[in-house]
Amino acid sequence: MEHQSISHLLRLRYGDSDSLPHVAWSETLELLLKHRSVRAYTPDPLPVGTLEAMVAAAQSASSSSNLQVWSVVAVEEHARKARLAHLAGNQAHITDCPLFLVWLADLARLARVAAQRDIPYAGLDYTEMFILSVVDATLAAQNAVVAAEALGLGVVYIGGIRNHPLDVAAELQLPPRVFPLFGLCVGVPNDARPADIKPRLPQDAVVHRETYAADQQDAAVERYNQMMTPFYRDQQMRVNGDWAQHSARRVAGPQSLSGRDTIREALRQLGFDLR
Ligand SMILES: Cc1cc2nc3c(=O)[nH]c(=O)nc-3n(C[C@H](O)[C@H](O)[C@H](O)COP(=O)(O)O)c2cc1C
């Protein structure tokens, strides 16, 4: 594959990137900066060993105290992908992709290990342990994403599986203390429907030097709005208003959470009675 310069990729990510210092080229940096979610796949199966390579990359991520409190379910059966697609808001790419991964916060394994050794495990009921498992699972998943992209594959995360977490848990036969965090479609990108690199907020909006500085964010958000409006138009994305308006509306109230306003109760029902 043809290499792209870092400064070109920075321009695609930030628009005018003149204010950023020169960065040396590295293959990994190029790969990371080239990321774009892919929602259209060819019908080709994945190369043999793809899942194993992705999981090895995932397990190579750091893990809090090496507790490794995450798991992943690999779904390839068409009918099961179709049911999960339906639960996730009818997202066709879930059915279309050859491999759908569901990443799990998994405190069940540690509970089992402790119980088998007659060691109490009341510590698992604290919010800290849930956060720990979410962090571990997310770091693992992102490593798997980078591995897949390094192998020339395309992926998209699917938060839609949290629209109906109890149904997803039943579909995947998850035991108590296991929560489905997000899905991941994996497939061979369909070059007939290429995805573009999506710009991100200027670094001023997300980087604070020494202490948090809220004021510097306003100008950065404004610059981003001006960049995203033409991007939405070029990509024919149906976005109502600019990025700030669109994003603010996404948190306007419980009705804007796609049914996920009930997630605390779902967590409780799935064995996370957090304190
Ligand atoms: C945790 C998570 C959940 C997501 N859920 C969905 C989803 O359900 N459907 C979808 O099409 N994209 C989903 N996305 C993809 C985001 O929309 C995408 O990453 C974002 O718009 C930035 O675009 P890019 O990944 O192409 O840079 C999700 C991303 C993340 C990180």
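Me: Contact means heavy atoms within 4.5 Å. With that in hand, which elements do the buried residues of H3 pack against?

Reply: In this predicted model, residues are numbered from 1 along each chain as its sequence is written, local features need pLDDT of at least 70, side-chain atom pairs count only at pLDDT 80 or more, and totals for chains, interfaces and linings use all residues. Side-chain values use heavy atoms, with hydrogens and water left out. The buried residues of H3 pack against strand E1 (70-75), strand E2 (99-106), helix H7 (127-150) and strand E4 (178-187). Helices are DSSP runs of H or I with at least four residues, strands are E runs of at least two, and both are numbered from the N terminus.

Me: What makes Thr50 buried?

Reply: Buried is under 20% relative accessible area, exposed is over 50%, and partly exposed is in between (1.4 Å probe, protein chains only). Thr50 has a relative accessible area of 5%, so it is buried. This residue sits in helix H3, and a polar atom of its side chain lies 2.6 Å from the backbone oxygen of Pro47.

Me: Which residues of helix H3 are buried, and why do they line one face of the helix?

Reply: In helix H3 (residues 50-59), Thr50, Met54, Ala57 and Ala58 are buried. Seen down the axis of H3, they fall within an arc of 100°, so they line one face of the helix. The arc is taken over the directions from the helix axis to the C-beta atoms. Turned away from that buried side is a face carrying the exposed residues Glu52 and Gln59.

Me: Now the ligand. Which residues come nearest?

Reply: There are 13 residues around the ligand, and His35, Ser37, Arg39, Gly159 and Lys198 come nearest. A residue is near a molecule if one of its heavy atoms lies within 4 Å of it. Strand E3 (residues 154-158) gives the largest share of the shell, three residues.

Me: What makes His35 a polar contact of the ligand?

Reply: A polar contact is a pair of N or O atoms within 3.5 Å; within protein, one must be able to donate a hydrogen and the other to accept it, and residues adjacent in sequence count only if both atoms are side-chain atoms. A polar side-chain atom of His35 lies 2.7 Å from an oxygen atom of the ligand, so the pair qualifies. Polar side-chain atoms also lie 2.6 Å from a ligand oxygen in Ser37 and 2.9 Å from one in Arg200. The protein covers 68% of the 620 Å² of accessible area that the ligand has on its own (Shrake-Rupley method, 1.4 Å probe).

Me: Why is Asp118 called exposed?

Reply: Asp118 has a relative accessible area of 73%, so it passes the cut-off for exposed. It lies in the loop between helix H6 (108-116) and H7, and it has a positive phi of about 55° although it is not a glycine.

Me: And why does Ser258 count as partly exposed?

Reply: Ser258 has 40% relative accessibility, so it falls in the range between buried and exposed. Ser258 belongs to the loop between H11 and helix H12 (263-269), and its phi, near 50°, is a positive value in a residue other than glycine.

Me: How do you know that Ala244 is partly exposed?

Reply: Ala244 has 26% relative accessibility, so it counts as partly exposed. Ala244 lies in helix H11; leaving aside its neighbours within four places in sequence, it is in contact with Val221 and Asn225.
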